[in-house]
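Here are my notes on the model you sent round. Please read them with the structure open.

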Amino acid sequence: MIIVLLGPPGAGKGTQGERLAARLDVPKVATGDVLRAAVRDGTPLGLEAKAAMDRGDLVPDAVIMGIMREALASPTAANGAILDGVVRTTPQAQGLTDALAALGRKVDAVLLFEIDEDELVRRLSGRTTCDVCQRPFFGREPGETCSEGGQTGTLVRRKDDEPDAIRKRMQVYRDQTAPVIDWYASHGANMVRVDALGSLEDVEQRVLTALGIA
Ligand code: AP5
Ligand code: ZN
């Protein structure tokens, strides 16, 4: 199954995507994670993306398309993938459709996480992220360690979780990513809406129910 996760920053795409990927035994592909790892490692991709990411702006579509095509071509994605934050503009939605069609595949479902902005700000302001496995945490402090990814990482605050960058990301979502919802609707996608407010377990259950898995 190819599942696209859509929703505003902080809605829980990363958190629920991780759970869904484990459940379906397919990889989670998150462009944000790929880009942050590139920034951390100082690669050419990271150097190109860093300034836009720190501000809360999008990186260029062409950069994302390269990451997307590489991930889809990987043997680990042969049985499907959870695409977290991979589609944020209508050209990216078209690009993903074309890239999948070239492989004889298609998007099976678009999961849209819905939640109000106050809760997003609360979650993002309280988030720390593992600098190695990129898992997000809430209520844990910078400097604590994480060993969930198999290697030991350190929890850090993302630069784009500063108040100015959070505001910018919300604006970018409204202006550039919300139109993707209409794009998928007008292209006949199987779009399912999920209320993203509630405990991790409640939201997970809604995701599984929406997909007809449980
Ligand atoms: P990215 O990393 O994708 O950031 P995002 O979309 O802003 O999403 P977040 O990671 O902030 O939120 P999330 O929905 O995953 O929530 P999470 O699970 O962490 O992208 C970063 C940047 O990369 C972009 O700004 C852009 O510059 C660039 N980029 C990436 N993809 C791109 C693309 N396709 N095109 C162009 N540029 C791109 O949860 C948030 C917090 O809430 C966590 O602390 C979590 O523990 C907590 N939480 C989660 N669920 C719950 C719950 N049910 N109850 C209470 N707390 C919860
Ligand atoms: Zn970790």
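**Notes on the fold and the ligand shell**

1. Start with helix 1. It lies across strand 1, strand 2, strand 3 (81–84) and strand 4. Against strand 3, helix 1 runs at about 175°. Keep in mind that this is a predicted model.

2. Now the sheet. Five strands form an open sheet, in the order 2-3-1-4-9, and their pairing is parallel. Strand 2 (28–30) and strand 9 (191–195) stand at the edges. Each has a single partner strand, so one side of each is left without a neighbour in the sheet. From one strand to the next, the twist averages 20°.

3. One pairing deserves a look. Strand 1 and strand 4 (residues 109–114) run parallel and are joined by four bridges. To find the register, pick Leu5: its bridge partner in strand 4 is Leu111.

4. Next, the ligand. How many residues surround ligand 1? The count is 35, and the closest are Pro9, Gly14, Gly32, Gly85 and Arg127. By class, the shell holds 16 nonpolar, twelve polar and seven charged residues.

5. Several elements feed this shell. Helix 1 (13–24), helix 2 (31–41) and helix 3 (44–55) each supply at least two residues. So do helix 6 (117–125), strand 6 (136–138) and helix 8 (200–210).

6. Compare this with the record. An unreviewed UniProt entry places the feature "binding site" at Gly10, Ala11, Gly12, Lys13, Gly14, Thr15, Arg127 and Gly198. Gly14 and Arg127, both in that annotation, are also listed among the closest residues to ligand 1.

7. Take Ala11 from the annotated set. It sits in the loop between strand 1 (2–6) and helix 1. Is Ala11 buried or exposed? It is buried, because 24 other C-beta atoms lie within 10 Å, and the cut-off for buried is 20 or more. Leaving out residues up to four places away in sequence, Ala11 touches Phe113, Ile115, Leu120 and Ala196.

8. Then Arg127, also annotated. It lies in strand 5 (residues 127–130). Arg127 has 19 C-beta neighbours inside 10 Å, so it counts as partly exposed. Again leaving out residues up to four places away in sequence, Arg127 touches Pro136, Phe137, Phe138 and Asp161. Strand 6 (136–138), which supplies at least two residues of the shell around ligand 1, is a good place to look next.

How values were computed: Residues are numbered from 1 along each chain as its sequence is written. Chains are lettered from A and ligands numbered from 1 in the order in which they are written. This is a predicted model: local features need pLDDT of at least 70, side-chain atom pairs count only at pLDDT 80 or more; totals for chains, interfaces and linings use all residues. A residue is near a molecule or strand if its C-beta atom, placed from the backbone, lies within 6 Å of it. Ala, Val, Leu, Ile, Met, Phe, Trp, Tyr, Cys and Pro count as nonpolar, Asp, Glu, Lys and Arg as charged, and the others, Gly among them, as polar. UniProt positions are given in the numbering used here, feature names are shortened, and annotations may be inferred rather than shown by experiment. A residue is buried if 20 or more other C-beta atoms lie within 10 Å of its own, exposed if 12 or fewer, and partly exposed in between; C-beta atoms are placed from the backbone. Two residues are in contact if their C-beta atoms, placed from the backbone, lie within 7 Å. Two strands pair if DSSP finds at least two bridges between them. Axes are lines fitted to C-alpha atoms, for helices over the stretch in contact, and angles run from 0 to 180 degrees between N-to-C directions.
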